[in-house]
Amino acid sequence: MAIKSVSIRIEEEMLKKLNFVADYEGRSINSHILFLIRQNIKKFELTNGEIKEEIPPEINIKPGKRN
């Protein structure tokens with residue numbers, strides 16, 4: 001599995017709070033973000049089924065925007 005880098009823009013206050021939570025949980029910010037991403041994917045898959053491929057462009061619509 002290849003490891004990729006992603007840069008994000010984040011408000012300073014949110015970053016400070018994220019650092020607090022990560023430290024409280026005994027994780028680095030990076031590890032905590034990966035933990036949160038894994039949780040989000042797991043929750044999504046429980047509701048929508050396992051993700052096996054890319055989302056086709058015609059269904060890549062924000063929630064609440066579907067007809």
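Colleague: How much surface does the protein expose, and what share of that surface do carbon and sulfur atoms supply?

Modeller: In this predicted model, the protein exposes about 7100 Å², and carbon and sulfur atoms supply 54% of that area. Of the 67 residues of the protein, 4% count as buried.

Colleague: Why is Leu-18 called buried?

Modeller: Leu-18 has a relative accessibility of 14%, and buried means under 20%, so Leu-18 counts as buried.

Colleague: Where is Leu-18 found, and which residues does Leu-18 touch, not counting residues up to four places away in sequence?

Modeller: Leu-18 is found in helix H1, which covers residues 12–24, and the protein as a whole has two helices and zero strands. Leaving aside residues up to four places away in sequence, Leu-18 touches Ile-10, Ile-29, His-32, Ile-33 and Leu-36. For one of these partners, Ile-33, the C-alpha atom is separated from that of Leu-18 by 8.6 Å, with the two residues 15 apart along the chain.

Colleague: What makes a contact between Leu-18 and Ile-33?

Modeller: Contact means heavy atoms within 4.5 Å, whereas the 8.6 Å is a separation between C-alpha atoms; Ile-33 is among the residues that Leu-18 touches.

Colleague: What is the volume of the largest pocket, and which residues lie nearest its centre?

Modeller: The largest pocket has a volume of about 520 Å³, and of the 13 residues that line it, Lys-4, Val-6, Asn-30, Leu-34 and Ile-37 lie nearest its centre. By class, the lining of this pocket has eight nonpolar, three polar and two charged residues.

Notes. Residues numbered from 1 in each chain as written. Predicted model: local features only at pLDDT ≥ 70, side-chain atom pairs only at ≥ 80, totals over all residues. Heavy atoms only, no water. 1 Å grid on protein atoms, 1.4 Å probe; cavity = no way out; pocket = protein on both sides within 12 Å on 5 of 7 lines; lining within 4 Å. Points joined across faces, edges and corners; volume = space filled by probe spheres on them. Nonpolar A, V, L, I, M, F, W, Y, C, P; charged D, E, K, R; others polar. Buried < 20%, exposed > 50% of the residue type's maximum accessible area, 1.4 Å probe, protein only. Areas by Shrake-Rupley, 256 points an atom, 1.4 Å probe, with all protein chains shown as cover.
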